[in-house]
Amino acid sequence: MKYNAGKIAGNKASRVLLASAMLLGMLTACSDPAPAGQGQPKAETAAPTSGGIYHLGETVNPEQVTNFNPFLATGNWTPFFDYVFDSLYYFNPVKGALMPRLADGEGKWSNDNKTYTVKLNLKAKWHDGQPFTVDDVLYSFQTLKNNKVLDRYQLWGDNRLKDVTAQGTDTVVFTMNNQFPSLPFYLSTVYMVPKHLFEKENAAEFLNKTPVGTGPFKFKSINESAIVLDRNADYFLGAPSIDQLYVNRFNNSSTLTLALEKGDVQGTTGTVAMPSVPKLLENPVNKLQIYPGLSTYSVIMNNEKPLLSDPAVRKAIQLALDRKSLIEKGESNGVFPANPGFLSSVFGDMTDKKLIDSAAYNYNLNEAVKGLEAAGYKKNAKGIYEKDGKPLSFTYHMAANAPAQNKEGAMITAWLKEVGIETTTKLVTWPELTKLLMAGDYELLQNGITTPPDPQAQLEFFHSKMTAPIGSNTPGLNYMRFRDADVDKWLDEASSADSAKRKELYQQVQQRIADKAPIAVMYNVGGHIPYRVDQFTNYDENLPVTSALSLKQIKKK
């Protein structure tokens, strides 16, 4: 049974938009989703097996494999969790729908819509042979409640979860403080962990070096060249046909793409060097699956830093970004224009699409300069605007070993210089970018943010409950340290409102975000998955083809 994202959001246009977006020919989410790994991939010695070994290619650096705890935001390569763990529901971005995993079908709402009851699929077992039970679910959600920093999407917020309890041995009851129609989609963001192992540790610090999940693949080993996963012969949704999933680790997207061209790997979860795509697709054995996504790449601005607390400065930075050029030259027209109000166009009529093309928020260097001068900034001898002796000079963080991101960052910093804003570029790893964002130890930072599949969740990126003072890790995704009492009020009201009221409130939030410019959006990102069909068949194109649920079905030719 499936839930339609547009239906839950009160938005019948969602499916049409998703289908239309796929036809636009989106080729990439981003050509540099992660930085370098260690060394060239080298196959681990393994006896030939009937199902074969599927070689997945990824850029996974050492800092992305420091832990395998799905509760922790840093130190991991996130696709790993989809292969080894299960959530109650899985959000399928290809169809914009929820699919049961550890849940046994669709949950049921109470008459007052404040209780959601989910029956569990108790055929599931942990990889160590222990049974999956209702206590594992209760423990997983209680851990988020007990460790606020782990509750990234604020499931235990004031108007959300009140309690999670068992009903018998096979059913979980989610009780809300208020109506929260987005709950099923939020449940897809929480991986279940084994209580019998995690309760012995501090879940907020546990590195989980030998992870045990219920997923279709079991963790076997890791080295500088690969992450090796074995098939879970007892997987409750059907055992994988392949015997091993071998995640080859590459230094960068270019060497990975070359390996894909040669047939050394059969696919990736989305890493590809964009300039190589035309050549890659000349060979009929190579395919590229495309679909819209929930990520937005932006210049993230720390609103608590001196000068960046001034909306006039942030608005000037927003106007200095030529999004059309970024999309054409940096991403080969393979991504969507981003909404200055942040809400992705995949949410149909919930999105204020007029903001996307509005001249008031698009590239205009003259207007950027006018805005700064109207706010009292004057150019100094270096041609940099300053006020009260403080120049608009900022450190600009972006990812190292990320050619597409570096090219786009160079374009952006050049435009900022034209406006009279000085930047000093600093390159760090992708995990380091996340750490800087969480702690607020940055001024300008170029990165993507991925949110849960719901408009409420995406806009709550800007709620003050999702942030923290500089020096403290944010409990949510409000890395900008943006605070606006009206935005908080509108989002709180929308959280339990009907569809029509939600739409009205979301329009107000988007307009305020566009006007206050706490973040300068670049483009909206979707899925782009290159894969080969010469050695394996039976990919499920109704899912991301290299997702766990698709790879468990593929077969060796």
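Start by selecting Arg101: with a relative accessibility of 1%, Arg101 counts as buried. Keep in mind as you click around that this is a predicted model.

**Stop 1: around Arg101**

Now add Asp82 to your selection. Its side chain and that of Arg101 meet in a salt bridge, with N and O 2.8 Å apart. Asp82 counts as buried too, at 12% relative accessibility, because the cut-off for buried is under 20%. What does this pair tie together? Asp82 sits in helix 3 (residues 79–84) and Arg101 in the loop between strand 4 (97–100) and strand 5 (108–109), so the bridge links parts that are 19 residues apart in sequence. Select Asp86 as well, and you have a network of salt bridges linking Asp82, Asp86 and Arg101.

**Stop 2: two other salt bridges**

The structure holds 16 salt bridges, so let's pick out a couple more. Show Lys465 and Glu460: they form a salt bridge whose closest N and O atoms are 3.8 Å apart. Glu460 is buried at 1% relative accessibility, whereas Lys465, at 24%, counts as partly exposed.

Next, go to Arg532 and Asp534, whose side chains meet in a salt bridge at 2.8 Å, N to O. Arg532 is buried, with a relative accessible area of 6%, while Asp534 counts as partly exposed at 30%.

**Stop 3: the sheet**

Switch to a cartoon view and look for an open sheet of six strands, in the order 13-20-12-19-17-18, with mixed pairing. Which strands are at the edges? They are strand 13 (336–337) and strand 18 (422–428), each pairing on one side only. Helix 14 (residues 430–439) packs on this sheet. Colour helix 14 and check what it touches: strand 12, strand 17 (393–399), strand 18 and strand 19 (444–450). The direction of helix 14 makes about 100° with that of strand 19.

Now highlight strand 12 (residues 286–301) and strand 20 (residues 519–532), which pair in the antiparallel sense over 12 bridges. To see how they line up, select Gln289 and look across: Ile529 in strand 20 stands opposite.

**Stop 4: a charge without a partner**

Finish at Glu408, in helix 13 (residues 403–419). How far away is the nearest side chain of opposite charge? That side chain is Lys407, 7.7 Å away, and Glu408 is buried yet has no salt bridge. Leaving out residues up to four places away in sequence, show what Glu408 touches: Leu326, Gly330, Glu331, Gln446, Met522 and Tyr523.

Key:
Residues are numbered from 1 along each chain as its sequence is written. This is a predicted model: local features need pLDDT of at least 70, side-chain atom pairs count only at pLDDT 80 or more; totals for chains, interfaces and linings use all residues. Side-chain values use heavy atoms; hydrogens and water are left out. Helices (H or I, at least four residues) and strands (E, at least two) are DSSP runs, numbered from the N terminus. Buried means under 20% relative accessible area, exposed over 50%, partly exposed in between (1.4 Å probe, protein chains only). Lys and Arg count as positive and Asp and Glu as negative; His and the chain ends are not counted. A salt bridge is a side-chain nitrogen of Lys or Arg within 4 Å of a carboxyl oxygen of Asp or Glu. Contact means heavy atoms within 4.5 Å. Two strands pair if DSSP finds at least two bridges between them. Axes are lines fitted to C-alpha atoms, for helices over the stretch in contact, and angles run from 0 to 180 degrees between N-to-C directions.
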